[in-house]
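Please explain how this protein model is put together, taking the sheets, the helices that pack on them and the empty spaces in turn.

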Amino acid sequence: MNQSIDIAALANLLQEAAVKEILPRFRNLGSGDVRMKSEAIDLVTEGDEAAERLIKSKIDAIAPGAVFIGEESVAADPAILDKLADAELAIVVDPIDGTYNFAAGLPLFGVMASVVVKGETVAGIIYDPLGNDWVIAEKGSGAWMCRTDGSQERLAVTAGVALENMVGGASTAFYKEDDRRIVMGNLAKVRMATSYRCAAHEYRIFAGGHLHFLMYQKLMPWDHLAGTLIAEEAGAYAARFDGSRYLPAHTNGGLLLATDKESWEELRREVFTV
């Protein structure tokens with residue numbers, strides 16, 4: 001268990017940000033409240049920025065002296081990300097994961113935070129503002145669905161199946177075009193592959209036993225640290241495409257998660273081959 005900060009307080013802070021800054025703006029964004037960042041599929045809204053400001057303003061009371069790594073803070077000052085690898089304690093936050101969905105009025109977005117101690121992810125939280133519940137993991141303590149009534153349910157990935165029966169999530173947008181053609185063709189070997197454009201919910205349903213694999217090409221810590229720890233604590237096998245362990249400092253190299261190592265190896269060999 002991680003003793004350096006109050007994980008429940010951090011979880012409640014994500015909820016507070018959603019209640020005060022995110023949900024009032026859902027399906028209520030003005031024309032000037034949504035802006036493009038790097039490209040048309042990379043958006044930021046007033047909700048993202050306001051939620052991150054609220055979380056950042058209160059984080060020191062929960063994690064004194066922690067380095068704060070927020071998606072929107074890094075967008076404004078990329079040098080902040082360089083502090084993550086060597087930080088004694090860091091809090092990594094995605095104020096709205098699934099911003100494209102949020103801006104489109106789709107009820108598929110989440111708030112994520114992870115705790116990193118000396119280059120290791122030790123805790124992860126994924127909060128669903130609409131469902132008003134959390135999926136939480138602390139390293140070595142399992143992954144748990146936590147509800148506002150105080151009930152908790154331990155999560156576990158499903159059993160492995162044959163490749164042709166696998167159902168999973170694959171984010172192919174960041175492949176080069178030729179590589180994307182190969183991977184998308186190879187995905188015909190599985191039963192079904194999809195993308196929710198929201199890693200928060202993809203990790204939640206994978207850890208809950210409803211998918212057999214997840215694949216991501218672009219690795220930013222706010223998108224994947226919490227979810228990877230949660231998935232591993234639920235029994236999944238996770239590694240970058242070269243087989244190496246995924247760490248907070250990694251921003252490339254791809255990431256593949258599967259129900260077990262054997263399924264991971266088969267997916268890497270037969271589907272994600274580039």
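Which residue in β8 does D133 stand opposite? In this predicted model, the residue that faces D133 from β8 is R147. The two strands concerned, β7 and β8, run antiparallel and are joined by five bridges. They form a hairpin with four residues between them, and in that turn G140 has a positive phi of about 85°.

The next connection along the chain can be read in a similar way. Strand β8, residues 143-147, is joined to β9 by three bridges, and this pair runs antiparallel. Within the pair, C146 has Q152 of β9 as its bridge partner, while M145 is partnered by E153, also in β9. The hairpin of β8 and β9 has four residues between the strands, and G150 there takes a positive phi near 95°.

These strands belong to an open sheet of seven strands, whose order is β3-β4-β5-β6-β7-β8-β9 and whose pairing is mixed. At its edges stand β3 (67-70) and β9 (152-154), each of which pairs on one side only. From one strand to the next, the twist of this sheet averages 20°.

Two helices may be followed onto this sheet. Helix α1, residues 7-22, packs on the sheet and touches β4, β5 (110-117), β6 and β7 (133-138), with a direction that makes about 35° with that of β6. Helix α7 packs on the sheet as well, touching β3, β4, β5, β6, β7 and β8, and its direction makes about 100° with that of β6.

A further sheet is built from strands that carry higher numbers. It is an open sheet of five strands in the order β11-β10-β12-β14-β13, again with mixed pairing. Because β11 (192-194) and β13 (237-239) each have a single partner strand, they stand at the edges, and one side of each is left without a neighbour in the sheet. The twist from one strand to the next averages 15° here.

Inside this five-stranded sheet, β12 (residues 213-216) and β14 (residues 255-258) run antiparallel and are joined by four bridges, and L214 stands opposite L257 in β14. Helix α6 packs on the sheet by touching β12 and β14, and its direction makes about 155° with that of β12. Helix α8, residues 261-270, lies across β12, β13 and β14 and runs at about 135° to β14.

How, then, are the helices of the two sheets placed with respect to each other? Two packed helices are described by the angle between their axes and the distance between the axes. For α6 (residues 199-207) and α7, the axes come within 9 Å and cross at roughly 5°, which means that α6 is roughly parallel to α7. On the α6 side of the contact are A199, Y203, F206 and A207, and these meet D223, H224, G227, T228, I230 and A231 in α7. Sorted by class, this contact has six nonpolar, three polar and one charged residues.

What remains is the space that the atoms leave empty. Rolling a probe the size of a water molecule over the atoms shows where empty space is left. The structure holds one cavity of 30 Å³ or more, and about 120 Å³ of space lies in the largest cavity. The elements that give two or more residues to its lining are β6 (120-128) and α7 (221-233), with α7 giving the most, four residues. Among the lining residues of the cavity are E120, T121, L225, T228, L229 and E232, together with R245, Y246, L247 and P248. By class, the cavity lining has five nonpolar, two polar and four charged residues.

The largest pocket holds about 820 Å³ of space, and of the 32 residues that line this pocket, I41, D42, E71, F174 and D223 are the closest to its centre. At least two residues of the pocket lining come from each of α3 (71-76), β4 (89-97), α4 (99-104), α6 and α7, and α3 gives the most, with four residues. The lining of the pocket divides into 13 nonpolar, seven polar and twelve charged residues. D223 thus appears in two settings, as one of the α7 residues met by α6 and as one of the residues closest to the centre of the largest pocket.

Terms used. Residues numbered from 1 in each chain as written. Predicted model: local features only at pLDDT ≥ 70, side-chain atom pairs only at ≥ 80, totals over all residues. Heavy atoms only, no water. 1 Å grid on protein atoms, 1.4 Å probe; cavity = no way out; pocket = protein on both sides within 12 Å on 5 of 7 lines; lining within 4 Å. Points joined across faces, edges and corners; volume = space filled by probe spheres on them. Nonpolar A, V, L, I, M, F, W, Y, C, P; charged D, E, K, R; others polar. Axes fitted to C-alpha atoms, helices over the stretch in contact; angles between N-to-C directions. Parallel < 35°, antiparallel > 145°, perpendicular 65-115°, else oblique. Contact = heavy atoms within 4.5 Å. Pairing = 2+ DSSP bridges.
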